[in-house]
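Student: I am new to this one. Can we go through it in short questions?

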Amino acid sequence: MDAPPRLILLTSDDRHSQHAVRRGELVRVTHGVAVDQSAWHAASVQQRARIELEAVVTSIGEWRVLSHRSAALLWGLPDVDRLDRRVHVTDPLLSTTHSGRRVVRHAAPLLADEIVVVDGRRVTSLIRTVVDTVRSTSFENAVAVLDHVLRERLSDVDEIGRAFAAWPSPRGMTKGRRALRFADPLADSPGDSVSRVRLDEDGFPPPVLQQSFGPFRVDFWWARAGIIGEFDGLGKYEDVDAVRREKSREQSLLLRPEVRRVVRWGWTEVRTPGRLQAVLRAAGLPTGA
């Protein structure tokens with residue numbers, strides 16, 4: 001991820017900055033910290049999360065190690081759960097976890113080799129971040145994180161499994177082991193990962209991932225039904241030419257005798273209960289094996 005834009009500290013006696021906030025030239029990110037409005041509006045959702053993290057750390061001071069979803073953000077791991085604007089840190093000196101409005105301080109042991117520096121910040125190591133994130137977020141997010149880690153070869157099933165086994169608390173580990181069994185490095189995006197979870201929950205047969213049809217690869221393929229499934233994320237088609245190319249690609253796929261339908265869906269379908277199931281049933285994909 002690119003470095004976040006310059007943060008501007010807001011003090012009560014800095015009238016110029018206060019006026020700039022009121023005029024909309026600066027965007028107040030958190031108490032006492034702002035950023036230029038053009039940089040804020042140009043930032044993606046993930047980039048805004050990084051700006052907010054840096055703003056909170058700047059305003060409260062960095063006295064512990066960034067962990068969980070905050071460390072995952074710096075490691076570039078996917079996050080498909082509901083936005084959490086709090087900064088997560090791990091403090092081995094605490095006996096209980098404290099959840100504040102801006103900071104969650106997790107009470108947990110932390111070994112020296114589990115602390116590294118990423119982009120100038122002290123964060124938990126990648127494998128420790130994976131363990132913390134998988135056990136403390138949703139099953140969908142756990143699968144998305146593990147799919148990503150395996151796909152990018154940042155770790156492997158054996159190493160992650162050993163890390164799960166070594167964790168001193170059972171909390172979240174049943175979910176973590178189930179997500180690890182379900183994980184697949186062929187899932188090409190977080191949207192594909194969440195789609196896989198929803199397909200499994202809805203009782204559809206497991207699709208083949210990244211099936212090749214000549215020069216084309218598709219996200220999901222059900223050979224018995226002759227159905228191709230494609231997850232279309234936000235911003236996948238950036239211009240008219242890209243849309244035309246995708247339509248041409250789809251037409252080429254439909255010319256193949258084994259392909260009966262091409263079905264597309266996006267975040268709305270995977271996040272709305274029953275929507276993806278309805279789309280695929282309407283296309284003729286049966287549930288069950």
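Student: Is Arg50 buried or exposed?
Tutor: This is a predicted model, and the values are computed from it. The cut-off for buried is under 20% relative accessible area. Arg50 has 4% relative accessibility, so it counts as buried.

Student: Which residue forms a salt bridge with Arg50?
Tutor: The partner lies in helix α3 (residues 45-60), as Arg50 does. The two are 4 residues apart, about one turn of the helix. The partner is buried too, with a relative accessible area of 6%. The closest N and O atoms are 3.0 Å apart, and the residue is Glu54.

Student: How many residues of helix α4 are buried?
Tutor: Helix α4 covers residues 68-75. His68, Arg69, Ser70, Ala71, Ala72, Leu73 and Leu74 are buried. The helix is therefore largely enclosed by the rest of the structure, and the count is 7 of the 8 residues.

Student: Which residue just after α4 takes a positive phi?
Tutor: Look just past the end of the helix, where phi is about 80 degrees. The residue there is Gly76.

Student: Which residue meets Arg69 in a salt bridge?
Tutor: Arg69 itself is buried, at 17% relative accessibility. The partner sits in the loop between α4 and β5 (87-90), so the pair ties together parts that are 10 residues apart in sequence. That partner is partly exposed, with a relative accessible area of 39%. The N to O distance is 2.8 Å, and the residue is Asp79.

Student: Where do Arg264 and Glu246 lie?
Tutor: The two form a salt bridge, with the closest N and O atoms 2.7 Å apart. Arg264 is partly exposed at 24% relative accessible area, while Glu246 counts as buried at 14%. They are 18 residues apart, so to speak of distant parts of the chain: strand β13 (residues 261-265) for Arg264 and helix α10 (residues 240-254) for Glu246.

Student: Which residues are linked with them in a network of salt bridges?
Tutor: The structure holds 22 salt bridges. Arg264 and Glu246 belong to a network, and its other members are Glu230, Asp232, Arg249 and Glu250.

Student: At what angle do helix α5 and helix α8 pack?
Tutor: Helix α5 spans residues 126-136 and helix α8 spans residues 173-182, with axes 8 Å apart. The contact is made by Val131, Val134, Arg135 and Ser136 of α5 and Met173, Lys175 and Gly176 of α8. These residues divide into 3 nonpolar, 2 polar and 2 charged. The helices are roughly perpendicular to each other, at an angle of about 105 degrees.

Terms used: Residues are numbered from 1 along each chain as its sequence is written. This is a predicted model: local features need pLDDT of at least 70, side-chain atom pairs count only at pLDDT 80 or more; totals for chains, interfaces and linings use all residues. Side-chain values use heavy atoms; hydrogens and water are left out. Axes are lines fitted to C-alpha atoms, for helices over the stretch in contact, and angles run from 0 to 180 degrees between N-to-C directions. Angles under 35 degrees count as roughly parallel, over 145 as roughly antiparallel, 65 to 115 as roughly perpendicular and the rest as oblique. Contact means heavy atoms within 4.5 Å. Ala, Val, Leu, Ile, Met, Phe, Trp, Tyr, Cys and Pro count as nonpolar, Asp, Glu, Lys and Arg as charged, and the others, Gly among them, as polar. Buried means under 20% relative accessible area, exposed over 50%, partly exposed in between (1.4 Å probe, protein chains only). A salt bridge is a side-chain nitrogen of Lys or Arg within 4 Å of a carboxyl oxygen of Asp or Glu.
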